[in-house]
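Here are a few notes to read alongside the structure, written for someone meeting it for the first time. Please keep the view open as you go.

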Amino acid sequence: MKDFDGKVALVTGTTGIGLATTRRLAAGGAAIIACGIDRAANAAMKAELESSAAEALVIDADVSVPDQVRDAVAAGVERFGGLDIIVNSAAVHPYGTAVSTDFDTWNRAMTVNVGSIYLTAHFGIPEMIRRGGGAIVNVASVQGFACQQNVAAYATTKGAIHTLTRALALDHARSGIRVNSVSPGSIRTPILEKAARGENGTDADVEAAYKRFGEAHPIGRIGEPEEVAELIAFLCSAKAGFCTGADYKIDGGLTAGIGVK
Ligand SMILES: NC(=O)c1ccc[n+]([C@@H]2O[C@H](COP(=O)([O-])OP(=O)(O)OC[C@H]3O[C@@H](n4cnc5c(N)ncnc54)[C@H](O)[C@@H]3O)[C@@H](O)[C@H]2O)c1
């Protein structure tokens, strides 16, 4: 018996941490509903899951659009019979201060990074209640605690995710639904690669940047998406039955100290 046999999991974001989490949950026996806006990544994930014989529905969807989230949940429930797990990993990462960020960019960050979590909860929780409970894990960030410069919109969304996680946990605990967030430090994924290349750079030495980012973490390296996926899988599993309303840092000690190397 595998840890997610008989479970149905919806995961948003089909690259990076979302991809690693999908692989981990599928390997654990879960049927997968994966939603992402990156069609090439979706196609690659679909091919990979089909070749591993996992049960999966990979849906091209913008998770900030209500109808698209509603339809994805409905399609998954129709195909697999219900919904037990939601992992919200999709996000955008705009750079800018409040002055340099235009209002459309600000609103896009809010609707993708936070609005999508509201939407998967809005459409998904009634399905979880029908199953007698479930688990939600939201991917936040260390930037929800202490942020860098020039990421005003992104950092704000991550603080909001911590708060929304607590609100969902309190409102739905008595329905058997546990809600937690994870807050990663630097993790080797496409978002970090974009940061490594810099706002405008394309020919930056990405590995050198990863080494530099890693040195800022007391553990001395950046993290891997599989390490985050393992924590998410634990929080989704029955072993985490008393965990709800909390954030779990996975940051190599980054936020434990003040400027420690
Ligand atoms: N990598 C890091 O260093 C790091 C650190 C802290 C937090 N995080 C968080 O981890 C999560 C996953 O990011 P990642 O590191 O895997 O990077 P990533 O870029 O691989 O993942 C983000 C995913 O979201 C998808 N996406 C963006 N807008 C979407 C939309 N409107 N609809 C559907 N999908 C959409 C992208 O296509 C991408 O697949 C994000 O919430 C990110 O903020 C990452």
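1. Let's begin with strand β2 and the way its residues face. A31, I33 and C35 point one way, while I32, A34 and G36 point the other way, and all of them are buried. In a regular strand the side chains alternate between the two faces of the sheet. Please bear in mind that this is a predicted model.

2. How many of the residues of β2 are buried? The strand covers residues 31-36, and 6 of the 6 are buried, so β2 is largely enclosed by the rest of the structure.

3. Next, have a look at the partner strand. β1 pairs with β2 in the parallel sense, over 5 bridges. To find one of the pairings on screen, start from V11: its bridge partner in β2 is A34.

4. T12 deserves a stop of its own. This residue sits in strand β1, which spans residues 8-12. Is T12 buried or exposed? T12 has a relative accessible area of 1%, and the cut-off for buried is under 20%, so T12 counts as buried.

5. What does T12 touch? Leaving aside residues up to four places away in sequence, the contacts of T12 are G18, C35, V63, V87, N88, S89, A90 and T120. C35 is one of the β2 residues met in the first point. With A90 there is also a polar contact: the side chain of T12 reaches the backbone nitrogen of A90 at 3.0 Å.

6. Now for the ligand. It is surrounded by 29 residues, and the closest are T15, I17, Y154, I187 and T189. By type, the shell around the ligand divides into 16 nonpolar, 9 polar and 4 charged residues.

7. Which helices each supply at least two residues of that shell? They are α1 (16-27), α4 (103-131), α5 (152-172) and α6 (190-197). The biggest share comes from α6, which gives 3 residues.

8. Finally, zoom in on the polar contacts of the ligand. An N or O atom in the side chain of T15 is 2.5 Å from a ligand oxygen, and a polar side-chain atom of Y154 also lies 2.5 Å from an oxygen atom of the ligand. At A91 a polar backbone atom takes part, 3.3 Å from a ligand oxygen. As for how covered the ligand is, taken alone it exposes 810 Å², and the protein buries 93% of that.

Key: Residues are numbered from 1 along each chain as its sequence is written. This is a predicted model: local features need pLDDT of at least 70, side-chain atom pairs count only at pLDDT 80 or more; totals for chains, interfaces and linings use all residues. Side-chain values use heavy atoms; hydrogens and water are left out. Helices (H or I, at least four residues) and strands (E, at least two) are DSSP runs, numbered from the N terminus. Buried means under 20% relative accessible area, exposed over 50%, partly exposed in between (1.4 Å probe, protein chains only). A polar contact is a pair of N or O atoms within 3.5 Å; within protein, one must be able to donate a hydrogen and the other to accept it, and residues adjacent in sequence count only if both atoms are side-chain atoms. Contact means heavy atoms within 4.5 Å. A residue is near a molecule or strand if one of its heavy atoms lies within 4 Å of it. Accessible areas come from the Shrake-Rupley method with a 1.4 Å probe; for residues, only the protein chains shown count as cover. Ala, Val, Leu, Ile, Met, Phe, Trp, Tyr, Cys and Pro count as nonpolar, Asp, Glu, Lys and Arg as charged, and the others, Gly among them, as polar. Two strands pair if DSSP finds at least two bridges between them.
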